[in-house]
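Biologist: I'm new to this structure and would like to learn how to read it. Could you walk me through it?

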Amino acid sequence: MTKHKPEILAPAGDKACFLAAIAAGADAVYCGLKHFSARMEADNFSISELSALASLGREKGVKTYIAMNTLLKPGDIQAAGRLLDRVARHIKPEGIIFQDLAMISLARQVGYEGELHLSTLANATHPEALKTAAELGINRVVIPRELNLDEAKQMAESCPEGMSLELFIHGALCYCVSGRCYWSSYHGGKSGLRGRCVQPCRRLYGGSGRKDDPKRLFSCLDLSLDVLTKPMLSVPQVNSWKIEGRKKGPHYVYYAVTAYRMLRDEPNNAQTRKNALELLDLALGRPSSHSIFLPQRPFTPLEPGNETGSGMLIGISKQGKNAFFTTRQELLPGDFLRVGYQDQPGHRTMRIRRFVPKKGRVDIPGGKGKIYSGTKIFLIDRREQGLVTAINELDKELKQVSEEKTTSSSFNPDMPRPFHSSDKTMDMFLMRNPPKGKNRFGTSVWLSKNALERTPRHSVSKNWWHLPPVIWPDEEEQWSDLISATIDLGAKDFVLNAPWQMSLFKKNSKELRFHAGPFCNVSNALAVQKLKDLGFSSAFVCPELAKDDFINLPSNSPLPLGVVLKGMWPLGISRIIAEETPMMSPLYSRKKEICWVRKYDQNYWIFPGWPLDLSKERRTLEKAGYSMFLEIQESWPKAVPEPQRISTFNWDLTLY
């Protein structure tokens, strides 16, 4: 086995975590700023603070990567460009992590000279996708957490020269595929694509009957590849092992980095492996698993009957004059505790101010919501003296770093030349199977072998054929063959639901018309320009935008634009499901939100109990410049109550 030494990439949500990563021997640290970071709930950094930390990192041989991996709204372009300009001049990071294609243009315009890393939110899920990414000048791709070992190796084998891959090895798992989750946004504008997810998947869900006890059907265990990282040492294209956790504390960062550094450096030492596993047990994450990483022994990382909150259980609340608990182990000044779970009354975090011995009493301070007797209390971050000392020593060195005076930016981005649309509009219905008889509207069909076989030969060329939102490595060949067969039958129009799907077209591509589907999450004109550069003829915008965003986008768009006007837009798409989750049946959260699940190919689509409908806004959208209006049709399950309401998504809200 040829062994290489991938970097250990640590998360940092604040200064203490950044310094903990250096102290633990991380090779690189990724972090976000106050804006345009996909972990906006973390503390994050100012330009001046991160400039000094990055300088200290360089002195210690530690790289800094900046996550600017959110979706950019039309009004964000100038602010994002000016921030990136300041990042490039003052922080000089080795890499920028992004999902929005506009960041490629902005990086080049501001003269950024570091690497461009494509976030897992961009959904490059199959090997051929890497070729399209390389065409755009992307240096590294963060591959999905949903891939198993064999699939990760497939991605590596297809990795173009000069490109590297980044693999998640530890930390939280999302239930939905990255970049394919609109759950939080659909319920109120807090977009996961913009770092504001409120984690509705972590809530309790159950049927409507009394016997249907609610469970955490969609709440994942953490990922911990631990000893399974050893096979990746023989895969040189995977040159970064990534630890998730920008909202975690320095204790977690230090223990996780130390453990994986040991597993990387001494993979054949049994005692080292044992010690590393013990450290990971002490890292205060959620209960963990290897998930589906071992193809021969896949594990669904869901335990609906158990709680999946992070931290170590250290007590259970009791009621006296005030709520309190007796701690199961000593607590140190600076330790952080979590009281209960997010969807429970009285949920909060608290900081320990003084030393508390084992079996000592701890009073829980007041706050919103009553804390009921029996509420579980968890230790979520520690302040051991050794770690505190190491951080303090590095902090002293940090103070010696000469602070660079930061300046503002006057950067103004070059915007694309807008496409001048005609008054002609097109109505389209997206179906799983083609309609019978004549259809006076444009027909869009989800491409499948069954749909193609049921389509009359003379209609194949008239339909717009939609590719799925996610294609996995083991599906790539069959999709490439199906696409070729569809082209042979005369198809001309294809709707791609990830830009990277362009690489699946092997023949006659010059005679075809490509349209970016709504799952491409297009939300600004610079992203549309990158799609045009790749050969797209039109684009459907991301449906989670708010009213002003919708209205402002067409004025600078270099391509004709479409919008999802109505129909069944999914809350999210997942590759896993718990055995307890009923298919095609209503599931209710404690907030009485309804969802239901249907399977297509390898993926589970989670739909809301009510459809999207912007029909009343059609005239406004036409005036703004939209020319394509799509209705997504989905058969309604008999067991699910007929919807009594509609959703305008974020039309009347602010998209956070």
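What follows is a conversation about cores, sheets, a helix and a few loop residues.

Modeller: Sure, and a word of care before we start. This is a predicted model, so local features are used only at pLDDT of at least 70 and side-chain atom pairs only at pLDDT 80 or more, while totals for chains, interfaces and linings use all residues. Residues are numbered from 1 along each chain as its sequence is written, and side-chain values use heavy atoms, with hydrogens and water left out.

Biologist: Let's begin inside. How many residues does the largest nonpolar core have?

Modeller: The general idea is that a nonpolar core is a set of buried Ala, Val, Leu, Ile, Met, Phe, Trp, Tyr and Cys residues joined through side-chain atoms within 4.5 Å. Buried means under 20% relative accessible area, exposed over 50%, and partly exposed in between, with a 1.4 Å probe and protein chains only. Here the largest core has 194 residues, and Y175 and W500 have the most contacts inside it. Helix α8 (residues 250-265) supplies the largest share of this core, 9 residues. Helices (H or I, at least four residues) and strands (E, at least two) are DSSP runs, numbered from the N terminus.

Biologist: And which residues is Y175 in contact with?

Modeller: Contact means heavy atoms within 4.5 Å. Setting aside neighbours within four places in sequence, Y175 is in contact with W183, C201, F218, C220, L302, S574, I576, I577 and I606. There is also a second, separate core of 15 residues, including L284, F325, V356 and L379.

Biologist: Now sheets. What is the strand order in the open sheet of 4 strands?

Modeller: Two strands pair if DSSP finds at least two bridges between them. This open sheet runs β12-β18-β15-β16, with antiparallel pairing. At the edges stand β12 (312-316) and β16 (348-351), each with a single partner strand, so one side of each has no neighbour in the sheet. Inside the sheet, β15 (residues 336-339) and β18 (residues 376-381) are antiparallel and joined by 4 bridges. One pair to look for is F336 opposite D381 in β18.

Biologist: T375 catches my eye. Where is it, and is it buried or exposed?

Modeller: T375 sits in the loop between β17 (361-363) and β18. It is buried, with a relative accessible area of 10%. For its side chain, think of polar contacts: pairs of N or O atoms within 3.5 Å, where within protein one must be able to donate a hydrogen and the other to accept it, and residues adjacent in sequence count only if both atoms are side-chain atoms. A polar atom of the T375 side chain lies 2.7 Å from the backbone oxygen of Y372. Not counting residues up to four places away in sequence, T375 touches G315, I316, S317, V339, G340 and Q344.

Biologist: What about parallel pairing? Which strands run parallel to β31?

Modeller: Strand β19 (residues 426-431) runs parallel to β31, joined by 5 bridges, and β25 (residues 561-567) also pairs with β31 in the parallel sense, over 5 bridges. In β31, L630 is the bridge partner of M428, and I632 is that of G567. As for cover, 4 of the 5 residues in β31 (residues 628-632) are buried.

Biologist: How do I read a helix? Which residues of α6 are buried?

Modeller: An α-helix has 3.6 residues a turn, so residues three or four places apart point the same way. In α6 (residues 149-157), the buried residues are L149, E151, A152, M155 and A156. Seen down the axis, they fall within an arc of 165°, so they line one face of the helix; that arc is of the directions from the helix axis to the C-beta atoms. They pack against α5 (129-135) and β7 (164-171). At the start of α6, a side-chain oxygen of N148 comes within 3.1 Å of the backbone nitrogen of D150.

Biologist: One last pair of loop residues: are R417 and Q501 buried or exposed?

Modeller: R417 is exposed, with a relative accessible area of 75%, and lies in the loop between α10 (385-400) and β19. Leaving aside neighbours within four places in sequence, R417 is in contact with S557 and P558. Q501, in the loop between β22 and β23, is buried, with a relative accessible area of 1%. A polar atom of the Q501 side chain lies 2.8 Å from the backbone oxygen of P468.
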